[in-house]
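This report describes selected local features of one protein chain. The sequence and the structure are shown first, and the discussion follows.

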Amino acid sequence: MVSDFLINRNTLNTLDFSPNSSLKKENSMESKNKRRITAEGLYDLQMLTSSEISPDGQYILYGLQRVDPKTEKKYTNLWLVPTDQGKPRRITHGKQNDEDPKWSPDGTAIAFLSNRQDEKQFQLYILPMLGGEAFPITDLNGDFGKFAWSPNSQKLVFEFRKKDAETLQREQDEKKKKLGITARHIDRVFYKLDGYGYLPRERWHLWAVDQVTRETYQITDSRVYDDLEPAWSPDGNHIVFCSNHSDNPDLNFESIDLFITDLDGKILKKLDTPPGTKQTPRFSPDGKRIAYVGQDGLHIDWKNNNLWIVDQEGTSPAINLTGKFDFQVSGWTINDYAQTRNIAPVWSNDGSKLFFTVARHGNTDLLSISTDGNNCDGIFSGNGVVLNFTIDLNNTHIALEHSDMFTPGQILLQNLKRKTTKTLINVNQEWINNIALGTVEEIWFKGADANDLQGWILKPPDFDEKKSYPAILEIHGGPLVQYGNIFMHEFFYLAAQDYVVFFCNPRGGQGYGEEHAKAIHGAWGTADFEDLMLWTDIVSHKPYVDSQRLGVTGGSYGGYMTNWIIGHTNHFKAAVTQRSVSNLTSMWGSSDFNWAFQETFDNKAPYESIEVLWQCSPIKHIGDAKTPTMVIHSEQDLRCPLEQGEQVYVALKKLGVDAEFVIFPEEPHGLSRGGRTDRRIERLKSISGWFERYLK
């Protein structure tokens with residue numbers, strides 16, 4: 001049962017997110033009869049992949065993923081749980097992936113994506129709620145994306161990217177299929193994507209299908225533009241979507257606009273909005289306005305995402321509803337358990353306000369705001385992360401997909417009228433009840449520039465304050481994300497090996513306002529390094545921490561900072577750098593995001609100015625490294641290419657520093673979150689084994 005229902009912070013003056021620098025709290029799940037968490041525990045963890053409340057508020061539909069230890073494959077089936085009384089029941093079965101289920105507006109059917117007929121090809125399916133088996137309503141070759149029901153429950157609009165014609169021809173010819181691709185002809189700048197591989201020449205476009213006749217047709221088309229995130233108008237006659245129609249979308253990737261089209265794609269209207277990234281547009285109930293999440297400006301990645309509304313007739317400029325609050329409208333609280341998603345804003349049924357999520361101070365909270373921007377209410381807030389939310393038709397109940405540090409995956413039901421919240425399901429409750437996780441202490445402290453910083457100290461199970469423990473600093477990726485109050489299997493696994501694990505949100509990340517995020521713009525390795533070392537100093541002076549046995553690790557940008565640290569200090573006795581960035585000059589143009597990550601460094605290519613890129617590259621400073629370091633990288637990492645890790649490893653070997661290189665075949669950048677489970681286990685054991693060698 002969750003008791004922290006917050007509905008009383010209803011004005012600008014009372015919506016206060018200011019930190020309490022003396023705040024300290026502890027959460028405990030201790031028991032002498034419980035076992036400690038293991039790396040193999042990843043097989044037991046089930047993951048919520050989606051959730052949606054029914055229009056009448058009587059049921060919550062959700063996807064639940066499990067791992068088959070024999071095959072290492074992951075399967076997702078759909079479940080229903082009543083919101084009043086009753087146990088959850090599975091409504092799809094089998095070794096397949098049934099994903100992204102959505103109720104029809106009339107509540108009579110569920111649409112979802114499934115690969116039950118072909119493991120490599122998803123199709124749209126309909127499951128009648130009055131009885132009968134699920135059946136496919138599409139027969140297409142390519143990639144499906146997001147989809148949405150029409151207001152009258154007759155049609156669905158969906159993102160679809162066709163398979164290239166030459167690929168289809170090759171697959172239909174057994175000889176060519178066996179020989180594989182002869183050559184790749186590439187004519188665009190963004191031509192690959194981590195976790196996917198080389199992109200097809202086809203683009204994402206909008207399609208529609210009639211759920212009764214199964215007639216499928218394409219609405220938009222272009223060889224240059226991608227059309228994404230469709231949403232219906234209330235009358236069912238128009239669709240709003242996001243697209244980049246600049247002269248060269250790949251070279252102006254942030255120039256995303258909102259467009260409205262009819263169902264034939266013959267009429268296309270661009271809405272007048274400020275330049276910048278945009279996502280998740282939604283029509284108001286009366287169809288006159290559109291809400292969306294976006295930034296104001298280009299090449300300013302440190303700027304908050306804000307919630308906007310725009311008149312769909314173009315009679316008035318777009319209004320930024322949340323800019324005055326200086327918070328990040330998103331759900332990006334990083335973790336290694338749950339999928340992080342872009343959560344769309346939801347209109348109240350009378351169109352007077354919008355519900356949305358905010359990543360703030362280690363939590364992801366659910367708020368609402370009036371359409372004049374003056375009244376902002378806290379709807380659900382506390383020590384945890386809202387991973388998704390949906391609201392029933394009458395605006396009586398909210399279904400919340402939620403996690404906190406000690407609860408990996410639960411669905412809560414909030415009654416807006418009664419102001420009560422209850423837990424409907426906790427998908428890992430039996431597993432978590434038998435495990436001793438340790439205790440967590442949250443600490444606010446002052447940074448080098450008197451800036452407020454937030455950190456957490458995770459103490460091992462059966463913690464003894466009279467003992468002296470080795471400690472490991474964990475550094476998050478991004479950098480434009482936050483650590484927070486969400487379950488992290490890796491942290492608890494290391495704590496189970498009798499390490500104190502400590503982590504914080506240094507400057508450069510999100511969740512603490514734009515100045516906090518902007519502090520390292522064009523200057524990675526400066527304010528962030530200061531904050532991390534100050535935090536390390538605070539923790540290492542705890543009486544239960546052995547300051548001579550400190551380790552450091554992190555992945556992606558966290559790997560960058562690990563590389564930076566070992567090149568600037570010998571304070572740590574061992575390090576593990578994961579999927580790291582080491583050389584911003586060689587990474588320019590070789591990442592799947594191409595040069596985009598380096599825009600923050602003067603927005604200049606190496607041939608224009610190499611000084612800033614090189615000064616901010618850890619490999620420039622690696623010559624002073626003496627810390628024994630394990631380098632972990634995935635072979636198919638297209639985000640931070642393998643050569644970034646290779647440079648660190650070779651440099652350390654050349655310097656005579658003890659180093660080991662661990663490469664995971666076939667895996668992408670996100671190995672620690674979504675990789676094959678046996679490889680995730682091997683990764684954890686490699687990390688703990690390296691630290692055991694030097695810290696114990």
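In this predicted model, Lys-102 lies over the face of Phe-147, at 5.6 Å from the ring centre. A second placement of this kind involves Lys-696, whose charged end sits over the ring of Tyr-499 at 4.5 Å from the centre.

Aromatic rings also meet one another. A search of the whole structure finds 38 aromatic pairs. One of them joins Phe-463 and Tyr-544 in an edge-to-face arrangement, with 5.0 Å from centre to centre and 90° between the planes. This pair links distant parts of the chain, since its members are 81 residues apart. Phe-463 belongs to the loop between strand 35 (452–459) and strand 36 (469–475), while Tyr-544 belongs to the loop between helix 6 (527–540) and strand 38 (545–555). Is each of these two residues buried or partly exposed? Phe-463 has a relative accessibility of 25% and therefore counts as partly exposed. Tyr-544, at 7% relative accessibility, counts as buried, because the cut-off for a buried residue is under 20%.

Ring pairs further link Tyr-337, Phe-406, Trp-431, Phe-487 and Phe-492 into a cluster. Phe-492 is also one of the buried residues of helix 4. That helix covers residues 489–496 and is mostly covered, with eight of its eight residues buried. Besides Phe-492, its buried residues include the aromatic Phe-491 and Tyr-493, together with His-489 and Glu-490. Just after helix 4, Asp-498 takes a positive phi of about 70°.

A buried polar residue is found elsewhere, in a loop. Thr-220 lies between strand 16 (216–218) and strand 17 (227–232). With a relative accessible area of 9%, Thr-220 is buried. Its side chain takes part in two polar contacts, listed below.

| Group on Thr-220 | Partner | Distance |
|---|---|---|
| Thr-220 side chain | Leu-206 backbone nitrogen | 3.0 Å |
| Thr-220 side chain | Asp-227 side chain | 2.7 Å |

Leaving aside residues up to four places away in sequence, Thr-220 touches His-205, Leu-206, Asp-227 and Phe-241. Leu-206 and Asp-227 thus appear both in the table and among these neighbours.

The strands offer two further examples of local organisation. Strands 21, 22, 23 and 24 form an open sheet in the order 21-22-23-24, with antiparallel pairing. Why is one side of strand 21 and of strand 24 left without a neighbour in the sheet? Strand 21 (278–283) and strand 24 (319–320) stand at the edges and each has a single partner strand, so one side of each remains without a neighbour in the sheet. Strand 21 is joined to strand 22 (residues 289–294) by four bridges, and the two run antiparallel. Within this pairing, Gln-279 has Val-293 of strand 22 as its bridge partner. In a regular strand the side chains alternate between the two faces of the sheet.

The second example is a hairpin formed by strand 29 and strand 30, with five residues between them. In the turn, Asn-395 has a positive phi of about 60°. Strand 29 (residues 385–391) and strand 30 (residues 397–404) pair in the antiparallel sense over six bridges. Across the hairpin, Phe-389 stands opposite Leu-400 of strand 30. Strand 29 is mostly covered, as seven of its seven residues are buried.

Technical notes. Residues numbered from 1 in each chain as written. Predicted model: local features only at pLDDT ≥ 70, side-chain atom pairs only at ≥ 80, totals over all residues. Heavy atoms only, no water. Pairing = 2+ DSSP bridges. Buried < 20%, exposed > 50% of the residue type's maximum accessible area, 1.4 Å probe, protein only. Polar contact = N/O pair within 3.5 Å; in protein donor to acceptor, adjacent residues only side chain to side chain. Contact = heavy atoms within 4.5 Å. Phe/Tyr/Trp six-rings, centres within 6.5 Å; stacked < 30°, edge-to-face > 60°. Lys NZ or Arg CZ within 6 Å of the ring centre and 35° of its normal.
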